[in-house]
Number of protein chains: 4
Amino acid sequence: MPPTDRFVAEAHFHVRYAETDAMGIVHHASFIVYMEEARSHYSRVRNADYAKLIEHGYHLVVAEVHARYTVPARYGQELITFCWVEEFKSRGLTFAYEIVDSVSNATHVTGHTRHICVTHDGQVARIPDSWLNILRP
Amino acid sequence: MPPTDRFVAEAHFHVRYAETDAMGIVHHASFIVYMEEARSHYSRVRNADYAKLIEHGYHLVVAEVHARYTVPARYGQELITFCWVEEFKSRGLTFAYEIVDSVSNATHVTGHTRHICVTHDGQVARIPDSWLNILRP
Amino acid sequence: MPPTDRFVAEAHFHVRYAETDAMGIVHHASFIVYMEEARSHYSRVRNADYAKLIEHGYHLVVAEVHARYTVPARYGQELITFCWVEEFKSRGLTFAYEIVDSVSNATHVTGHTRHICVTHDGQVARIPDSWLNILRP
Amino acid sequence: MPPTDRFVAEAHFHVRYAETDAMGIVHHASFIVYMEEARSHYSRVRNADYAKLIEHGYHLVVAEVHARYTVPARYGQELITFCWVEEFKSRGLTFAYEIVDSVSNATHVTGHTRHICVTHDGQVARIPDSWLNILRP
């Protein structure tokens, strides 16, 4: 269940056919992409387009990905991603996710991704002040 | 420009980071997936979920893909796909597409895909009657 | 480092351009696909094509994915996946992975995936006897 | 059939599970990626890594993609891509492709992609002299 003590971004979308595999279900790597888009959506709804952070010379590189798959999802299904900041540090943060069916609310996947703030030349850096209010849970 | 004499499905979405490549732009194969999702959307807005057609034992397999790339698109950009039926035959059809920027209306990609109706065992078949009204332009 | 007390499958391949993203590096979800192909390769080199297991009515569905990203990889680079069985149970198993550069041997990604054996109708099942010798580390 | 009057690059690879879709076959967009990798392979076997061209400030952007799908391919199948230069101009070129089964030699897909040479800032440019001998068919 998404937490109630912090901002949670909620995005709705349909499973694309290209995201399925020969088992007839959504391929497990597709969910990793859904999580990424959930982060993008999180930034957008907080008026802080991630594309802007990049323009300012910073990236939140992915240091770790973890996903737990419970119920398979299928083509055409409308899914909801819930995304929130689980842990926040000066040089990085952890996003957590829950991906559920829009009708039954069944949980398909839960997961988290750990990120480190780096400059364009790859040096670890403090998250810029302008992003603290957005990313701090 | 999308035609004015037939149904045109219009879908809005944001470019995902995973869909870009090292040139900093949307990878050309990602647009082929956008076209496919534009077809799915076309069916949905006409109350004819493509998933249903599949359940009834039919597929509209892809026989041909053509795309022309004019302006590169980038991460986070909101794109619009326009999708319509260009040509209709009893055993197949051609969808056409235009993918534009939601703000500037600049055309990024145009294309079309040719499809053949087959049963689950791969035999070419007439498009089921229940789908004629939906797919006929 | 891959273990020395069990079979380790080693596969060589080049990073495809489509697998990179706008940061100029291999997208993190691409490594999840590399891991999957490393499993496929593991089966092939043990003379046990995973496609055969599927034909016999079984799947090793993905229950969990974990990846740790250390050094970014780039387009055209030749990578090596090392893949081995970390843990084996009657109804499931865990594969572990290390993905390194073929020249420098630098480790790009380490990870593991947990799998459960299911029949085509989704019931959890014992891994078939014919696969025990292959999958037991 | 690949032409006999010019260089043809031949690459062998296995279909990855992630490249299939819910029809149980290789997704049509995956073939567009196979074509791209066939171009990369073409450069490599001619001792002209495409990554080098990029380092020198040039890109061969994709202006057009065309693919014709005849026979579906499946997970685990070993495919061969044949790739050659179909047409060559000072500021662009067209690659052609044939993708066949490694055992039966059945043709799965044929296609071509048209490319324009641009500098990093997006200006159309002449293909650098050092690449003429490689890319001229």
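Q: How far is the sulfur of B:Cys83 from the closest cysteine sulfur?
A: Keep in mind that this is a predicted model. A disulfide would need the two sulfur atoms within 2.5 Å. The closest cysteine sulfur belongs to B:Cys117, and it's too far for a bond, at 17 Å.

Q: Is B:Cys83 buried or exposed?
A: To count as buried, a residue has to come in under 20% relative accessible area. B:Cys83 sits at 0%, so the call is buried.

Q: Which cysteine has the sulfur nearest to that of A:Cys117?
A: Going by sulfur pairs within 2.5 Å, the count over all chains is zero disulfides. A:Cys117 is in no disulfide either, and it counts as buried at 1% relative accessibility. The nearest cysteine sulfur is 17 Å away, in A:Cys83.

Q: What kind of axis relates chain C to chain A?
A: Chain C lands on chain A with an RMSD of 0.0 Å after a turn of 180 degrees, with a shift of 0.0 Å along the axis. That's the relation of a two-fold axis.

Q: Which residue of chain C has the C-alpha nearest that axis?
A: We're still on the axis of the 180 degrees turn that lays chain C on chain A. The C-alpha in question is 2.2 Å from the axis, and it belongs to C:His66.

Q: Which residue of chain B has the C-alpha nearest the axis?
A: Here the axis is the one for superposing chain B on chain A, a rotation of 180 degrees with 0.0 Å of shift and an RMSD of 0.0 Å. At 4.6 Å from that axis, the C-alpha nearest is the one in B:Phe13.

How values were computed:
Residues are numbered from 1 along each chain as its sequence is written. Chains are lettered from A and ligands numbered from 1 in the order in which they are written. This is a predicted model: local features need pLDDT of at least 70, side-chain atom pairs count only at pLDDT 80 or more; totals for chains, interfaces and linings use all residues. Side-chain values use heavy atoms; hydrogens and water are left out. Copies are superposed by least squares on the C-alpha atoms of residues with pLDDT of at least 70 in both. Buried means under 20% relative accessible area, exposed over 50%, partly exposed in between (1.4 Å probe, protein chains only).
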